[in-house]
Amino acid sequence: MENTNNNRPAPPTVREQLANTHKVYTRRMWYIYGVGLVAILGFFLLLSFQLPSFEQLENPRSRVASEVYSADGELMGKYYIENRSPLPYDSISPYLVQALVSTEDERFYTHSGIDPWALGRVAVKTILLSDRSAGGGSTISQQLAKLLVGRPNTKGRWFPVRYWLLLTTKFKEWLTAVKLERSYTKEEIIALYFNEFDFLYGACGIKSAADVYFGKLPKDLSISEAAMLVRLLQNPSLHNPRRNMQAAMKGREQVLFNMKEAKHISEAQYHELRVQPIDISKFKVKDHNEGIATHFREYLREHLVEILSKPMANGKKYDVYRDGLKIYTTIDAKMQRLAEKAAWAHLSEHQTKMFKEWPEWNKEGSSKSPWFYQPKGVRDDQIDLRVRTLERLIMESDRYKSLREELMPTAEQLQIRDTDILRLRAIDRALKRSPRGTDSLLAAWFRTGEVSNEVGDKYRRLIGSSDWSNIKKEYDLVMDEMRKPVKMKVFAYNSKQEKDTTMSPIDSVRYHRMFLQTGSIAIDPINGWVRSWVGGIDHKYFKYDHVNRRARRQVGSSIKPFLYALAVSQRNYSSCQTVYDQQVTIHKGEGRFNLDRDWTPKNAGGGYSGASITLTQALVKSLNSVSAGLMRDMGNTQDFRNFLAGAGIDTVGITQSPTICLGSADLSVFEMAGGYSMFANGGYSITPIFIDRIEDKNGNVIYEGTTYQEQEDILGEQNAFVMNEMLQDVQRSAGGFGGIKSKHGGKTGTTNFQADGWYIGFTPTLVIGTWVGCDDRFIRFRGLGNGAGAKMARPIYQNYLRYLEANPETGYDPNAVFPRPLKLEREQECGKFKGMNFGEDDDSVPLNNITDDNMIINDWD
């Protein structure tokens, strides 16, 4: 029998078994290595897609402030999400660079983004030996990468997820640091780091930080100041001198010590500087209430948002808050300061007269308060409207809003708005006057469209209900709290533009409404450049801008020069043209005036002299009779409306009634000053512009204001010369211009009940339009002695001219002359009254069909 065991393979030897085992483990090791390598490469590849782009590295998250400059190169303000204005390396103080490198990264110039020695120190001293004073291991490039990448919010996360997020973020920072080192020079990295860091108090970047903390540019910082700011890079809260001066001193000392060790300063300098106090006397948080032309800058912001939302010439859209634009305006900073000074000087004095006019302004129900003053002819519903206007303002206050949430649960539960409460309270007052008060008031609201039938039915149900009784009780509780005096700051005419006082919140609303406001603009009549823009007396407490096209007030007699100009142009009148001061009636159905009854305006004094006078004398006296006669001779109002439109005035909302010739229209200071330019420049209508150009962050011009500049000869040089001479004569007769060298002309305007005072004046190089009045038209002077345009507005113009002439650095030329035709085609010398005083121009405007209703703007809803 054959032995089959001989055919079996021999069992492997020990050597062979070891060899086989080695092969298996080797294959497994290679497999693990390969998978691990792929995983690591995949991990870094995945992270690489999440790194910032080169554009983001250069302009991190596009959060660069746009800057607004005056025509003479002064930085006026910024628009931003973060107050960040990047600087190049050469604009940064070398002390900052030395302090940064010696403190944060002493091997910065030798490593490539990651410092192995620093990492080793952290591993041994900080981790193994728990020595927290050993310092960190992050390079400047890594710290910049940390700012660019950002740290995720791990609060509340499961701890494996939290550690995973921190690990991936750290690797992203390392990769970004290496990318930065490969893409930028060391100097560029330092500049990027300084530009990106948030130093608190709205100071994003080193330019803002130097300005906020020390009122300086970064290149002008001292060694001590640079050291303090660099210490903030480690912990801006801990080492902040505003919060902890001792910690700030200690932190600065450490930076100075590092600079000494790095041989940037001497031993003697170190000991001298480390004991110096930190001077933050110029510390100032920047906001939009600071600086010059505050109202202009706010209006400019709105305008920029509008124009930049459309593609520019290069096809791109821009964000004024993020794209680092440079907006060069036409405002002259020196002239702007003088314009603000001129308004402040007059109104600070004139305001005392306003408080004397209403000595009990804060007493409810007093006839010596403008809210309750009720002379003959003023109806109860007009007083009621004033009260509602005040209540609306009270309801807009933060104090009221917080009290409403706390003390008015019924109103909150029933979703009764403040507007509803105002109307229901008005119905209550109407019911006290008449049992049918509800019906009459609702009927009036229905006619005007103020409320719908559905809302009216809701008010009928509520007015007699227990819910309304509860709401009234709750509202009274709120008002009781609002009447309690508390400590607060209010506006005041002093160096700080505010004062500490104790006053009830309600009285604070009344107090601020009592202030005379102003809108004043200066325009170059040749090129249309806006040189100054004063939109109010203060921007912190009074945000509303009284210059721009939306800020319309009744213009009174300041519109008459346009009417005279049209008459001069249509009929070739000279200033010597004979006119008559006599009663003028435009009859119902006459011409194309669309009157439903006869219209017979009166002069401000109520009578007529019956005398024949020159056109110039009529304008000097601002006679309504002559203006009405000129309008009647035209046969319609459309010619005048068209002329105003040609002068740059929006006529859409202007009445087609002949009362337009006496100034019944509401117009803006912007439009009026632009229109008067024709009287100074030889007859040309111009479009005022306030933006010269806009540049992107790289200096490319993306917008030019002159592109939108329009000029049109609408008057002609002969007619313009006639008007120019007449308006100069108006001011020669008025007096009050002693010491002013400039040739100039102009016209005042005073509206019904002295609610508005105007003066539009001009020189050969400047048109200055000024309005003065209170935001509520019923708060006013009750006589022309203080309330005429000559008393309220003209002194600002006079102050401004005197300041300009006294400050030649503005470039203003008091010796400039008006353009004059080579040949005069019309008689100008007609027994002129140069030097003769005709008395104050009689420009208060009784319009007959305009009542006290027009004095109150119904905008309380």
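Two short exercises follow, on a helix pair and a sheet in this predicted model.

**Exercise 1. The helix pair**

Work out how helix H22 and helix H27 are oriented to each other, and which residues join them.

*Solution*

Step 1. Locate the helices. H22 covers residues 560–571, and H27 covers residues 717–734.

Step 2. Take distance and angle. The two axes come within 9 Å and cross at roughly 140 degrees.

Step 3. Classify the angle. Over 145 degrees would count as roughly antiparallel, and 65 to 115 as roughly perpendicular. The crossing at roughly 140 degrees therefore makes H22 oblique to H27.

Step 4. Add the hand. The crossing of H22 past H27 is right-handed.

Step 5. List the contact. H22 supplies Pro-561, Tyr-564, Ala-565, Val-568 and Ser-569. H27 supplies Asn-719, Val-722, Met-723, Met-726 and Leu-727.

Step 6. Sort these residues. Eight are nonpolar, two are polar and none is charged.

**Exercise 2. The sheet**

Lay out the open sheet of five strands, find its edges and place helix H26 against the strands.

*Solution*

Step 1. Write the order. It is E7-E6-E18-E17-E16, with antiparallel pairing.

Step 2. Find the edges. E7 (530–534) and E16 (745–750) each have a single partner strand, so one side of each lacks a neighbour in the sheet.

Step 3. Note the twist. From one strand to the next it averages 5 degrees.

Step 4. Look inside one pair. E6 (residues 517–523) and E18 (residues 767–773) are joined antiparallel over seven bridges. Ile-521 faces Gly-769 of E18.

Step 5. Place the helix. H26 (residues 669–681) lies across E6, E7, E16, E17 (757–762) and E18. H26 runs at about 35 degrees to E6.

Definitions and conventions: Residues are numbered from 1 along each chain as its sequence is written. This is a predicted model: local features need pLDDT of at least 70, side-chain atom pairs count only at pLDDT 80 or more; totals for chains, interfaces and linings use all residues. Side-chain values use heavy atoms; hydrogens and water are left out. Axes are lines fitted to C-alpha atoms, for helices over the stretch in contact, and angles run from 0 to 180 degrees between N-to-C directions. Helices (H or I, at least four residues) and strands (E, at least two) are DSSP runs, numbered from the N terminus. Angles under 35 degrees count as roughly parallel, over 145 as roughly antiparallel, 65 to 115 as roughly perpendicular and the rest as oblique. A crossing is left-handed if the near helix is turned anticlockwise from the far one by less than a right angle, and right-handed if clockwise. Contact means heavy atoms within 4.5 Å. Ala, Val, Leu, Ile, Met, Phe, Trp, Tyr, Cys and Pro count as nonpolar, Asp, Glu, Lys and Arg as charged, and the others, Gly among them, as polar. Two strands pair if DSSP finds at least two bridges between them.
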